[in-house]
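Visitor: Please show me the model, and then let me ask about its parts.

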Amino acid sequence: MTGLALHLEDVTVTYGGKAVLTGLDLDVAPGEILAVTGASGCGKSTLLRVLAGLLPVAAGTVRADGEPVRGTSPDRALMFQDDALLPWRTARANVALPLAIRGVPRAERAVRADAWLARVGLAGLERRLPRDLSGGQRQRVQLARTLAGAPRTVLMDEPFGALDAQTRHGMQRLLAEVWDTGTTVVLVTHDVDEALLLGDRVAVLGEGGLTELVEVARPRTVVDPSLRARVLAALGAPTLETT
Ligand SMILES: Nc1ncnc2c1ncn2[C@@H]1O[C@H](COP(=O)(O)OP(=O)(O)OP(=O)(O)O)[C@@H](O)[C@H]1O
């Protein structure tokens with residue numbers, strides 16, 4: 001499976017006439033992990049919704065593998081910040097949803113769903129309803145559901161927000177494995193260290209558009225302090241804060 005190439009050219013997005021993104025140019029290469037960070041309200045979630053095909057642009061072009069993005073597609077999966085599981089379905093049935101959309105035969109769906117649940121550390125909880133899971137566990141079910149559909153692009157909005165440090169680490173490792181399969185990832189995070197550990201590039205969004213684009217070489221086991229300082233400077237934070 002190859003990841004999609006994403007292309008935004010001179011993109012402007014407005015809400016009720018007020019521009020949130022203005023003249024944004026951005027390319028994401030197939031299989032690249034682009035981490036997007038920026039101050040609250042600068043338009044990070046808006047960018048993901050545009051890439052998912054959920055929000056039309058006021059001007060400019062958005063393409064996936066050269067084709068104009070005109071709506072949603074199972075090839076571009078969006079994982080929301082909020083809890084988006086179906087409350088009346090078990091964890092297994094939630095994870096099986098994208099498999100049904102992909103036309104996987106019913107008997108195979110449960111097996112594959114359970115395998116994904118095991119990979120995110122939820123073996124034994126397959127029959128639980130979302131209300132009987134913790135916030136972090138629900139987030140892991142969402143991650144399993146997103147990945148089960150084998151999308152060519154994963155768009156993630158603060159996917160690790162509700163997780164404790166240890167689980168967060170495990171999820172980051174799991175995602176690193178998945179990325180080796182060539183999926184393109186656009187990951188929104190407020191956490192500069194997470195952005196620099198996970199992203200091949202880190203895009204900093206400011207008022208209206210891009211203020212910095214930092215390339216991060218692999219392997220990324222530790223955060224490079226000079227890159228951290230660059231991202232923090234673009235965010236307008238004091239650069240001495242490098243602990
Ligand atoms: N449906 C909407 N109608 C009107 N304004 C909106 C709508 N959605 C978002 N906005 C506004 O657009 C701006 C960008 O919102 P967006 O959610 O993309 O920001 P963000 O960078 O993801 O923020 P955060 O980091 O706080 O999640 C904000 O000022 C927000 O209030």
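Guide: Domain bounds here come from an automatic or database domain assignment. This is a predicted model, in which local features need pLDDT of at least 70, side-chain atom pairs count only at pLDDT 80 or more, and totals for chains, interfaces and linings use all residues. Residues are numbered from 1 along each chain as its sequence is written.

Visitor: Which domains does the assignment give for the protein chain?

Guide: The bounds are taken from the assignment described above. One domain is made of two stretches, 1-75 + 152-243, and the other is 85-150. The names are domain 1 (1-75 + 152-243) and domain 2 (85-150).

Visitor: Which helix gives the largest share of the side of domain 1 that touches domain 2?

Guide: The centres of the two domains, taken over C-alpha atoms, are 25 Å apart. Their contact takes twelve residues from domain 1 and 14 residues from domain 2, where two residues are in contact if their C-beta atoms, placed from the backbone, lie within 7 Å. Helices (H or I, at least four residues) and strands (E, at least two) are DSSP runs, numbered from the N terminus. The largest share, five residues, comes from helix α5 (residues 165-179).

Visitor: Where does the largest nonpolar core lie?

Guide: A nonpolar core is a set of buried Ala, Val, Leu, Ile, Met, Phe, Trp, Tyr and Cys residues joined through C-beta atoms within 7 Å; buried means 20 or more other C-beta atoms within 10 Å of a residue's own, exposed means 12 or fewer, and partly exposed is in between, with C-beta atoms placed from the backbone. Of its 59 residues, those touching the most other members include Val95 and Ala144. Both domains give residues to this core, so it lies between domain 1 and domain 2.

Visitor: Which residues does Ala144 contact, leaving aside its neighbours within four places in sequence?

Guide: Ala144 is one of the core residues that touch the most other members. With those sequence neighbours left out, the contacts of Ala144 are Val95, Trp116, Leu117, Arg119 and Val120.

Visitor: Is Asp10 buried or exposed?

Guide: Asp10 is found in strand β1 (residues 6-15). Its phi is near 50 degrees, a positive value in a residue other than glycine. Asp10 has 12 other C-beta atoms within 10 Å, so it counts as exposed.

Visitor: What is the phi of Ala150?

Guide: Ala150 is found in the loop between α4 (135-148) and β7 (153-157). With 19 C-beta neighbours inside 10 Å, Ala150 is partly exposed. Its phi is positive, in a residue other than glycine, and is near 45 degrees.
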